[in-house]
Amino acid sequence: MSMNIPDTDQQLIFVVGGGFAGIALIRALSRSGHQVVLIDKHNYHMFKPLLYQAASSQLNAGDIAFPFRKAFRRREDFYFRMAYIESVDTEQKTLRTTIGEVRYDYLVLATGCVPNFYGLDDVKKEALAMSNLTDALNIRNRILRNFELAVTAPSEEERRARLNIVIVGGGASGVEIAGALAEMKRYVMPRDYPRLDMSHMNIYLVEGQDRVLPAMSEKTSAEALRILERKGVRVLLNRRMTGFENRHALFEGGEPIATCNLIWTS
């Protein structure tokens, strides 16, 4: 395979990753006299701050995804290629991808980050992260599937496990998804599942530090905590997860929580 990038006298800049950083750089390079190539494993930019709304069924996936080609269709010096990066030779200035190898003049890596499970392999196997569009849809689908299974659960213990949601990580993503799911519990699920007792459903937000939104001001943290608790979210602070076993989230210095819906935003 080949990238099919036309030969030119312009210097060639490859940007790997079409998140906020990659997109901002490409926009800044407008009229720079360089030829710019964006490489990403998807052909769309995902508006990550709204992932929680896709995960809680408030928005469709297409509402938070925007095609790269549409965003830059008026740029004559721009090319997009959907591929994975395999290796980089910085001495020879060559980039090897799943669709071929190419030389570059400048290379920018803006691939973002991945969830860190801190060596908790059993948690990694069970938990659903929330870092991309596929993750958001997986969270939505698992929660809805467990609601269906709760309808026919043979015992109250299993019903509670199907309905309980545990969110680990009290940063922005954790706070957002906790609040959105609390709204779903209050306004949506009682209408869709009138025979399910919503008191069996608990939403837990677990944070290892002494406040939610620890990267923000104490005032903001306190206000977020107040709103979450008003919505019915059970916020557990200074609580670190140690594992997951038999449908139970395990924590240091706390009781296990029965759940089939473990969301990891740490």
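Is Glu126 buried, partly exposed or exposed? At 25% relative accessibility, Glu126 counts as partly exposed. Keep that residue in mind, as the tour returns to it after a look at the whole chain.

**The whole chain**

Start with everything shown as a cartoon. This is a predicted model, with 8 helices and 17 strands in the chain. Turn it along its principal axes, and the C-alpha trace spans about 70 × 35 × 35 Å. Of the 266 residues, 44% are buried. Switch on a surface next: the chain exposes about 14,800 Å², and 47% of that comes from carbon and sulfur atoms.

**Into the core**

Now select Phe147, Ile167, Ile177, Leu181, Leu205, Val233 and Ile263. In the largest nonpolar core, which has 38 residues, these touch the most other members. Colour the elements that give two or more residues to this core: α2 (51–55), α5 (133–151), β11 (165–168), α7 (172–192), β12 (203–206) and α8 (218–230). The biggest contribution is from α7, with 8 residues.

Zoom in on Phe147. Beyond its neighbours within four places in sequence, Phe147 is in contact with Leu163, Met189, Tyr193, Leu196, Met198 and Met201. Apart from this core lies another, of 17 residues, including Met241, Phe244, Ile257 and Leu262.

**A buried arginine**

Select Arg162 in helix α6 (residues 156–163). Is its side chain's residue buried or exposed? Arg162 has a relative accessible area of 12%, under the 20% cut-off, so it is buried. Show its surroundings too: leaving out residues up to four places away in sequence, Arg162 touches Asn146, Leu149, Ala150, Arg247, Cys260 and Asn261.

**Salt bridges**

The structure holds 7 salt bridges, and three of them make good stops.

- Back to Glu126: its side chain meets that of Arg142 in a salt bridge, 3.4 Å from N to O. Arg142 sits in helix α5 and Glu126 in helix α4 (residues 121–126), so this pair links distant parts of the chain, 16 residues apart. Arg142 is partly exposed, at 24% relative accessible area.
- Next, select Lys231 and Glu183, whose closest N and O atoms are 2.3 Å apart. Lys231 lies in the loop between α8 and β13 (234–236) and Glu183 in helix α7, so the pair ties together parts 48 residues apart in sequence. Lys231 is partly exposed at 30% relative accessibility, and Glu183 is partly exposed at 27%.
- Finish at Glu101 and Arg96, with closest N and O atoms 3.2 Å apart. Glu101 is exposed, with a relative accessible area of 51%, whereas Arg96 is partly exposed at 42%.

Conventions. Residues numbered from 1 in each chain as written. Predicted model: local features only at pLDDT ≥ 70, side-chain atom pairs only at ≥ 80, totals over all residues. Heavy atoms only, no water. Helix = DSSP H or I, 4+ residues; strand = E, 2+ residues; numbered from the N terminus. Buried < 20%, exposed > 50% of the residue type's maximum accessible area, 1.4 Å probe, protein only. Contact = heavy atoms within 4.5 Å. Core = buried A, V, L, I, M, F, W, Y, C linked by side-chain atoms within 4.5 Å. Areas by Shrake-Rupley, 256 points an atom, 1.4 Å probe, with all protein chains shown as cover. Salt bridge = Lys/Arg side-chain N within 4 Å of Asp/Glu carboxyl O.
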